[in-house]
Structure formats: structure tokens, C-alpha cells
Amino acid sequence: MATPKGQKPKIKDKQIKKKKRKKPSMGPKASSILKLFMTFLVTSIAISELSMASDPELLTDFEYPSSNSSTTTSSPLNSNYFRFTGARSLVGAPPPKEFNALLANFKTFPALFGQGVSVAVFRFPCGGINPIHSHPRSAEVFVLISGNLEVGFVDTKNKLYNKTIEAGDMFVFPKGLAHYQFNFDVINPAIAVSVYASANAGVVSIPVNLFTSGIDDAILAKSFKTDVSIVRKIKTGLFPNLTKMNF
């Protein structure tokens with residue numbers, strides 16, 4: 001039918017009104033996935049916070065070990081408690097015959113408990129090495145006092161960062177990464193001091209952990225694609241003082 005002149009054509013209501021679409025409801029499966037994701041997210045944040053934590057936060061100025069604590073001391077609570085004299089043996093000492101470490105951590109110096117710091121003094125003879133190891137609870141700031149060393153660490157992408165350093169240089173070993181120090185000098189020994197952001201940085205000595213922890217020789221041989229005789233030879237050649245290092 002033609003529309004009279006001057007009048008707009010009538011459009012049916014159903015052509016104007018748009019049908020309201022129903023919002024899709026979340027099914028039980030999708031809801032479960034969302035809950036699982038949220039749980040994973042919260043757990044990840046909690047684990048991240050824990051991994052960032054190092055030493056326990058003190059609620060007092062300092063910790064004086066009691067009979068119920070993890071550390072004990074016979075020292076009376078006076079200024080001597082905050083002094084460490086263990087490094088006096090290094091003053092005027094002759095060059096070391098083998099690599100050795102002197103540690104000042106909460107085990108040897110209880111006043112450090114909860115303070116988030118510890119120190120180690122390393123002495124390297126000519127050709128001496130601090131074998132590949134890592135510290136699970138702290139990064140390490142390594143300060144070379146005398147001599148020359150090659151130092152390095154390997155990151156999680158298997159990239160080696162190594163450098164020859166000289167007296168006065170510092171080098172940082174990131175937390176948890178495998179690293180080493182080697183005195184390649186055939187004439188001069190070396191001395192270094194390391195500082196850790198934990199009173200108990202911990203040490204994972206890779207040679208010791210692999211070859212003196214009781215892992216079956218056959219498993220080690222398969223892991224390194226060699227034979228058992230080579231594994232046993234490695235075990236007998238380990239430095240005697242490696243197992244003495246205790247961070």
C-alpha cells in the first residue's frame with residue numbers, strides 16, 4: 001500500500017524493538033577453573049613473599065640466645081657478646097697451603113642472629129679454588145683484598161658471566177646461582193672477604209652434594225654419561241676440606 005504524501009511510513013514495532021540478549025551464565029566448569037586460577041594466584045603471591053624473606057624479623061633490638069633457642073652461647077650479655085675475635089688468627093698468618101674459609105655467621109658469632117648479615121674470609125694459595133657452589137638464602141658481595149682471581153657464575157639460562165678481578169675489585173654473585181673463584185696466579189696467593197645478606201646464607205657445594213651425599217655411583221655415571229670407575233675416581237680426588245665448609 002502506498003503511503004500518503006507527507007506521511008512517514010509506519011514501521012512495525014518488532015522492527016524497532018531489539019530483542020534483549022541474555023548474558024551467558026558461567027557454567028560450573030568455568031567457575032571451577034576461575035576458583036582454581038584465583039587459588040593459584042594467591043598461592044603464588046604467598047610463595048613469592050616467602051622467597052623474598054630472609055632472616056626472621058626481630059621483635060627486640062637484638063637476639064641473645066637462650067637454652068630454648070637454636071643457638072647457644074656461654075658469653076655473658078655485655079659488649080664482648082658483639083665482638084668476634086675469630087679472624088685474629090689471620091693476622092700475620094703465612095700463606096695458606098690450601099684453600100680455606102673463615103666464617104662469621106650466627107653459628108660462630110651468635111650476635112648476628114636475626115641481623116641479616118654474615119661475613120666470610122677466603123684465602124687462596126697459588127692455583128687454589130673455591131669450587132662451584134651456591135648460597136640458597138643470600139646473594140654474595142665478594143671483595144678481593146689481595147691477589148688476582150678469576151670469578152664467575154652461571155645463570156638459569158646457562159650463560160656464564162666470568163671475569164678476572166684484581167685487588168680492590170668487588171663482584172656480585174646473585175642469590176642461588178652456581179659460582180666459583182679461582183686463583184690462576186702461580187706466584188701470589190689471594191685473600192678475599194664476602195658479605196652475605198643473611199646470618200645463615202647456606203652453601204650448596206656442587207662437588208660435595210653430588211659425590212659425597214650417597215647418590216648411587218650408577219646414577220651419577222648415567223647423569224654425566226660416563227662410567228662408574230670415573231665417578232669413583234672423582235670421589236677420591238675431592239678436596240678434603242670441601243665438606244668442612246658450613247655456612
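**Strands, cores and charges**

Student: Which residue in β7 is the bridge partner of Phe142?
Tutor: Phe171 is the partner you're after. Keep in mind that this is a predicted model: local features need pLDDT of at least 70, side-chain atom pairs count only at pLDDT 80 or more, and totals for chains, interfaces and linings use all residues. Numbering starts from 1 along each chain as its sequence is written, and side-chain values use heavy atoms, with hydrogens and water left out.

Student: What makes β4 and β7 a pair of strands?
Tutor: A strand is a DSSP run of E with at least two residues, a helix a run of H or I with at least four, both numbered from the N terminus. Two strands pair if DSSP finds at least two bridges between them. Here β4 and β7 are joined by four bridges and run antiparallel, so they pass the test.

Student: Which strands sit at the edges of their sheet, and what makes them edge strands?
Tutor: The sheet is open, has five strands in the order β1-β2-β9-β4-β7, and pairs antiparallel. β1 (100-104) and β7 are its edges, as each pairs on one side only.

Student: How do you know that β5 and β6 pair?
Tutor: Seven antiparallel bridges run between β5 and β6, and since two are enough, they pair. Gly152, for instance, stands opposite Asn162 in β6. They belong to an open, antiparallel sheet of five strands, ordered β6-β5-β8-β3-β10. There, β6 (160-166) and β10 (204-205) are the edge strands.

Student: Why is Gln181 called buried?
Tutor: Buried means under 20% relative accessible area, exposed means over 50%, and partly exposed is in between (1.4 Å probe, protein chains only). Gln181, in strand β8 (residues 178-182), has 0%, so it is buried.

Student: What makes the link from Gln181 to Asn130 a polar contact?
Tutor: The rule asks for a pair of N or O atoms within 3.5 Å; within protein, one must be able to donate a hydrogen and the other to accept it, and residues adjacent in sequence count only if both atoms are side-chain atoms. The two side chains meet at 2.8 Å, so the distance fits. With contact taken as heavy atoms within 4.5 Å, and neighbours within four places in sequence left aside, Gln181 also touches other residues, including Phe124, Phe142 and Leu149.

Student: What makes a group of residues a nonpolar core, and which members touch the most others in the largest one?
Tutor: It is a set of buried Ala, Val, Leu, Ile, Met, Phe, Trp, Tyr and Cys residues joined through side-chain atoms within 4.5 Å. The largest has 18 residues, and Phe122, Phe124, Phe142, Leu149, Val151 and Ile165 touch the most other members. Apart from it lies another core of seven residues, among them Tyr81 and Phe106.

Student: Why do Arg232 and Asp217 count as a salt bridge?
Tutor: You need a side-chain nitrogen of Lys or Arg within 4 Å of a carboxyl oxygen of Asp or Glu. Arg232 and Asp217 come to 2.9 Å, N to O, so they qualify. Arg232 lies in helix α5 (residues 228-236) and Asp217 in helix α4 (residues 217-223), so parts 15 residues apart in sequence are tied together.

Student: What links Asp217, Arg232 and Lys235?
Tutor: A network of salt bridges. Asp217 also pairs with Lys235, with the closest N and O atoms 2.5 Å apart. At 14% Asp217 counts as buried, whereas Lys235, at 29%, is partly exposed.
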